[in-house]
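Trainee: I've got a model open and I'd like to learn how to read it. Can you walk me through it?

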Amino acid sequence: MTHALIIGGGIAGTVTAIALRKAGINAAVYEAYPPAGTAGTDGTAGTADAAATEAGAFLLISANGMEALRTIGAHQPVLDNSFPAGRADFISNTGKRLGGRPMAGSEEGALSARTIKRATLARVLREEAARRGVRVEHGKRLLAAQTGPDGRVVASFADGGRAQGDLLIGADGIHSLIRRTIEAAAPRPRFTGQHTVCGYTRDAAAPPDPDSYAMIYGKRAFFGCTTAPDGEVWWFANTPGAELSKDELAAITPEQWREQLAGLFADDNTPAAEIIRASGESIVATNAYDIASTPTWSDETMVLVGDAVHACAPNAAQGASLAIEDGVVLAKCLRDLRTPRSAFAAYERLRRERVERVVATSAGLIRRTVPGPVGRALRDAILPRKLERADADGGADWLTGYRIDWDERVTGEVARARR
């Protein structure tokens, strides 16, 4: 049986392992961080996903991501630990409602988008992988990977361990070592000029309706919030700013974030500033990056998935869903094609156009988020008509209506036809 090494135990790596098991391919996951609740050798708290160190962060899995999970029978644990996001309502800085639209895909009976904490998603996917017999090794920080004379790939880890397999999948995130191993000149992540901040409050005076997101175009930043089933408001803000180092991010206290963010929305006629001021200590901030295009996705034995190959700014809320799609499509290609090289080529042909379009779309949303006075007036006049047209003609079907047919066979001809 083919044996795959997966570097990275986050969303992309774990879903890929689950999908490979369904395809009859053995896989082991190697995660740099120790298990949750334990301490690493550097004293940091353990987690199976580097991003899960952002303990308070949450994300949206769109309908396309949920349907991809259903394709491999892995959707139920996510449904059980998340809540629905059925609609988005858009609001101007003046408080005017600009319109709204459903978040779900257009397909009849499609699963809805879901809101879930990142750490919770990582945990339930790990548990599902373990239930299916996937082996996950923690504390395995990759030092190098190379293909030996026998055509098998060898991974070397900081703890002195080694692993050998028939192929290696780089699910090691936005700062991927595997991306640079495949191509030394591979692009580095691009800072998008914004920070994403998440927080929570039970004291919001005007919480949004359940099953919906209020999306607020502030004068100086963008704000979104939703209400969990227990009444707690979960919110995020995309705010302009300079790139911050890890130490600089860690040094900013929740109180400082509250003061800074509330100030950005203080002049708007919306509830954003009040919601931020009412929030507690669970405030998490990150730099937002993307990778517009990676020229080389694979070599003879190694291939990239998720943020390692196409990191997406958070504005389109598609990063997790794209990673899930990648894992399922790659597993299908490895199931149906004779060699890793041919499977990697088919996977790239099936995925490249879509993911690069999503990355570009998300980057475009950044530019439209905080325009000047004239831009705000034009946006407020045009957006209601755009939302009406989107509802009428299914304008977002290409994004959230994407579906994967597990039973359809992948051939070189099919892959080329879908390029």
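**Reading a sheet and a helix**

Mentor: Sure. Let's begin with one residue pair: Tyr-217 has Phe-222 in strand 15 as its bridge partner. Keep in mind that this is a predicted model.

Trainee: Which strands does that part of the sheet pair, and in what sense?

Mentor: Strand 14 (residues 212–217) and strand 15 (residues 222–227) run antiparallel, with 5 bridges between them.

Trainee: And what is the order of the strands in the open sheet?

Mentor: Reading across its 7 strands, you get 6-5-14-15-16-13-17, and the pairing is mixed. Strand 6 (97–102) and strand 17 (284–290) each have a single partner strand, so they form the edges, with one side lacking a neighbour in the sheet. From one strand to the next, the twist averages 20°.

Trainee: Which helix packs on the sheet?

Mentor: Helix 7 (residues 254–265) does, touching strand 13 (190–201), strand 15, strand 16 (233–240) and strand 17. Its direction makes about 75° with that of strand 16.

Trainee: Now helices. Why is helix 2 described as largely enclosed?

Mentor: First the general idea: an α-helix has 3.6 residues a turn, so residues three or four places apart point the same way. In this case, 8 of the 9 residues of helix 2 (residues 63–71) are buried, so the rest of the structure largely encloses this helix. Among the buried ones are Met-66, Leu-69 and Glu-67. Just after helix 2, Gly-73 has a positive phi of about 70°.

Trainee: How much of the whole chain is buried?

Mentor: Buried residues account for 56% of its 419 residues. The chain has 14 helices and 18 strands.

Key:
Residues numbered from 1 in each chain as written. Predicted model: local features only at pLDDT ≥ 70, side-chain atom pairs only at ≥ 80, totals over all residues. Heavy atoms only, no water. Pairing = 2+ DSSP bridges. Helix = DSSP H or I, 4+ residues; strand = E, 2+ residues; numbered from the N terminus. Axes fitted to C-alpha atoms, helices over the stretch in contact; angles between N-to-C directions. Contact = heavy atoms within 4.5 Å. Buried < 20%, exposed > 50% of the residue type's maximum accessible area, 1.4 Å probe, protein only.
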